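Colleague: I would like to learn how to read the pockets, cavities and ligand shells of a model. Could we go through one together?

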Amino acid sequence: MRSAWPSSLAVAALWASRFVFARMPYKVQTPPLDTDWTYTVGTDPWPEHPRPQLRREAWQSLNGLWTWRAAASPDDVGSPPKAGPLDREVMVPSCIESGLSGLQILNVRDMWYETTFDVPSDWKGQQVLLNFEAVDYEATVFVNGVEKTSHVGGYARFTINVTDIVKFGGTNDLLVFVSDPTDAIVIPVGKQTLNPSHIFYRSCSGIWQQVWIESAPEDHISRLDVAADMDGLMTVNVLSSVHKGAKVEVKVFGQNGSEIASQTGSADEQFAFTVENPDLWWPDSPTLYNLTVTLGDDEVNSYTGFRTVFKGKVEGVMRHLLNGEFVFQFGTLDQGYWPDGLHTPPSREAMVYDLQVLKNFGMNMLRKHIKIEPDLFYEACDRMGLLVIQDMPALSASKTPNDEEQAEFQRQLELMINEHKSYPSIYSWVIYNEGWGQRHSDPAPEGGLTEVIRKLDPTRLINSISGWDDHGYGDYHDNHNYAHPQCGTPFYSRPKTPYDPERIGFQGEYGGIGHNVSIEHMWNVQAAINTIPETYEINEDLASYSYRSMVLFRDLREQTERYACSGAVYTQTTDVEGEVNGLLTYDRRFMRPDLEQWQEDIQSLYEAAVSRGGRPVGSGKVKNWVCVHLWRGSCVIDAPIEQAALLRHNTMQRLQATRPRSSMSSKMTS
Ligand SMILES: *[C@@H]1O[C@H](CO)[C@@H](O)[C@H](O)[C@H]1NC(C)=O
Ligand SMILES: *[C@@H]1O[C@H](CO)[C@@H](O)[C@H](O)[C@H]1NC(C)=O
Ligand SMILES: *[C@@H]1O[C@H](CO)[C@@H](O)[C@H](O)[C@H]1NC(C)=O
Ligand SMILES: *[C@@H]1O[C@H](CO)[C@@H](O)[C@H](O)[C@H]1NC(C)=O
């Protein structure tokens with residue numbers, strides 16, 4: 001008690017001094033390689049609403065320039081931070097290791113962030129929710145000097161109710177302590193490391209996705225799960241913040257903006273209803289429907305797409321089926337790294353640029369590789385028609401988790417599924433990549449995890465093991481091989497087991513053929529340049545690159561015609577650091593493939609699949625359709641005559657089905 005006055009006076013003086021302290025102003029730091037977006041981002045990054053499937057009118061972005069400093073010592077805790085004011089400007093969102101952050105600082109584990117924000121006076125009477133889309137790795141949040149919450153996990157969002165602590169019509173202080181123990185403990189990190197080499201890259205720490213506030217009634221929608229299937233069946237679960245079982249209403253809007261269906265139900269209880277005759281979501285016609293959902297005074301906008309994912313035998317071969325049809329999947333291994341932003345794309349436009357490149361090649365899928373993107377990424381895939389194979393960010397590749405770390409891996413896996421299961425483009429979940437962080441226990445860890453995912457999300461397929469230590473779990477038998485594919489073939493390297501005909505034959509990675517363009521397009525870090533020779537295959541010139549890619553396409557095409565190949569993932573969208581095997585260089589300024597040759601080769605893969613009963617690409621709705629499903633006297637689902645029998649058997653769950661070879665399809669390949 002005796003010393004309380006002087007010390008709190010000292011703290012108050014320190015607190016006040018923060019506002020006059022000379023801070024180092026923000027400036028983009030020159031990254032080892034830039035992009036066309038680096039110097040156009042400015043200081044108002046990511047102005048878009050960050051949650052496309054849960055949008056309210058009243059919201060404000062807190063992105064922009066904040067202050068930052070590294071924590072001085074283990075005693076530098078609490079609010080205000082003991083070691084004094086934050087003296088550098090930083091851009092939020094960003095990784096502190098990136099040029100765009102304005103810091104480009106490596107090897108800082110503990111750090112402070114601070115900003116101020118105004119809460120509009122007309123939000124008074126409502127709740128104020130403070131949202132963080134992702135902070136890597138652990139965050140402790142103080143508002144107006146009061147500790148509000150701690151959050152663990154570098155890829156998940158969190159929301160804090162700050163109603164009781166904020167000044168309406170006034171300025172509020174937001175202080176965040178972040179700790180990122182990459183490489184120190186076994187946690188989901190994907191490819192991040194403090195010692196980058198070959199396929200492991202510079203780590204990302206800090207507030208790397210958007211921060212924002214919104215206003216909502218006390219009883220509001222805290223989560224919205226929507227699944228819509230090919231029969232028009234919509235399954236909805238509206239989670240409420242306070243009153244379990246409150247009345248909710250869902251409205252569905254058609255393409256011309258008019259309401260086409262509505263249904264009431266109770267919050268926190270799943271309910272279902274049918275929308276008549278919806279246009280289905282396909283990669284080549286990705287139709288989406290807008291939704292509004294109300295709970296009391298709360299109204300949110302969202303959207304969905306009608307599609308069903310399951311597996312079944314087509315002409316005797318196990319296939320993944322989209323809306324009852326075998327759609328051959330071809331796309332890239334998509335790391336989502338940027339030379340100027342690392343995990344944070346410079347802007348939405350830059351992020352979507354990569355997706356447009358893939359679409360332009362004629363790809364219909366990407367494998368989002370051991371990283372989770374901002375929600376706007378999945379929205380873009382929904383709108384553009386790109387199927388997403390979503391990986392769980394791997395635990396450190398070289399370490400084995402203990403019981404506690406394994407439990408945390410599972411907790412974060414469940415968060416990933418629950419946060420993303422309403423995006424129609426996400427097609428399958430990958431638990432483990434190439435054995436990274438996979439325990440060698442009996443029973444194998446992916447068995448239990450596969451069951452966990454099935455319960456959380458019965459509307460997708462599960463690729464339990466992409467490459468390597470396969471024990472027969474999940475829907476896929478996924479081979480990784482460089483450079484040549486071994487897709488559903490009787491010859492194999494990894495996994496070290498023969499192709500399993502009861503699962504879907506898939507090439508989760510192959511290709512990776514490289515070409516050393518020039519220093520201008522290179523991540524100019526000597527350690528990275530030194531690992532270029534580790535690229536799976538280097539081509540001396542682009543003529544050789546084109547020849548080799550053509551040979552790999554021929555392999556894949558023949559494996560599709562002859563064996564049980566249902567899709568393949570080519571490594572990779574872009575170069576990353578010392579890896580020089582992208583379609584694009586890391587700066588996105590140079591494209592290696594001969595675009596027309598690749599477009600033709602990719603189409604020929606789909607045609608090879610058509611010869612085995614696959615869906616013709618771009619066919620849309622064509623001749624000889626019959627009604628498959630009647631609902632209240634009208635046709636809800638129609639389909640090509642030769643598929644009608646299959647579709648009639650369809651349920652939302654997976655089923656084993658066979659369907660006759662389509663006469664229309666075989667014509668296309670003869
Ligand atoms: C948010 O906090 C306020 C003030 O403490 C409280 O009255 C309200 O019930 C909280 N809202 C929710 C959804 O818990
Ligand atoms: C909008 O489309 C629906 C069918 O989806 C149709 O019934 C309705 O008449 C259309 N409304 C307008 C204004 O065009
Ligand atoms: C769906 O909602 C989005 C976002 O509000 C809007 O831009 C779009 O025009 C809407 N589409 C239709 C068909 O109403
Ligand atoms: C690739 O190119 C860079 C820059 O020209 C050069 O420094 C490096 O040695 C080359 N590496 C290989 C393996 O060709």
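Modeller: Happily, and let us begin with residue classes: Ala, Val, Leu, Ile, Met, Phe, Trp, Tyr, Cys and Pro count as nonpolar, Asp, Glu, Lys and Arg as charged, and the others, Gly among them, as polar. By that scheme, the shell around ligand 4 has four nonpolar residues, one polar and no charged. This is a predicted model, in which local features need pLDDT of at least 70 and side-chain atom pairs count only at pLDDT 80 or more, while totals for chains, interfaces and linings use all residues. Residues are numbered from 1 along each chain as its sequence is written, chains are lettered from A and ligands numbered from 1 in the order in which they are written, and side-chain values use heavy atoms, with hydrogens and water left out.

Colleague: Which residues are around ligand 4?

Modeller: A residue is near a molecule if one of its heavy atoms lies within 4 Å of it. For ligand 4 that gives Asn516, Met522, Ile529, Ile532 and Pro533. The protein covers 51% of the 360 Å² of accessible area that ligand 4 has on its own, with areas taken from the Shrake-Rupley method with a 1.4 Å probe.

Colleague: What lies 2.4 Å from an oxygen atom of ligand 4?

Modeller: A polar contact is a pair of N or O atoms within 3.5 Å; within protein, one must be able to donate a hydrogen and the other to accept it, and residues adjacent in sequence count only if both atoms are side-chain atoms. Here the partner is a polar side-chain atom of Asn516.

Colleague: Which residues are around ligand 1?

Modeller: Its shell consists of Gln127, Asn161, Asp164, Glu218, His220, Ser241 and Val242. By class, that is one nonpolar, four polar and two charged residues. A side-chain N or O atom of Gln127 is 2.7 Å from a nitrogen atom of ligand 1. Oxygen atoms of the ligand are also contacted: a polar side-chain atom of Asn161 lies at 2.4 Å from one, and an N or O atom in the Glu218 side chain is 2.5 Å from one. Ligand 1 alone exposes 360 Å², of which the protein buries 58%.

Colleague: How should I read empty space?

Modeller: Rolling a probe the size of a water molecule over the atoms shows where empty space is left. On a 1 Å grid over the protein atoms alone, a cavity is a set of points where a 1.4 Å probe fits but cannot get out; a pocket is an open set with protein on both sides within 12 Å along at least five of seven lines, and lining residues have an atom within 4 Å of a point. Points are joined across faces, edges and corners, and a volume is the space filled by probe spheres set on them. The largest pocket here has a volume of about 500 Å³. Its lining has 27 residues, with Arg51, Leu54, Arg157, Ser222 and Arg223 nearest the centre. These 27 split into eight nonpolar, ten polar and nine charged.

Colleague: Which element supplies the largest share of the lining of the largest pocket?

Modeller: Helices (H or I, at least four residues) and strands (E, at least two) are DSSP runs, numbered from the N terminus. Strand 15 (221-228) is among the elements that each supply at least two lining residues, and strand 15 gives the largest share, five residues.

Colleague: How many cavities of 30 Å³ or more are there?

Modeller: The count is ten. The largest cavity holds about 140 Å³ of space. Of its 17 lining residues, Ala227, Ala228, Asp229, Arg307 and Thr459 are closest to the centre. Strand 15 again gives the largest share, here three residues.
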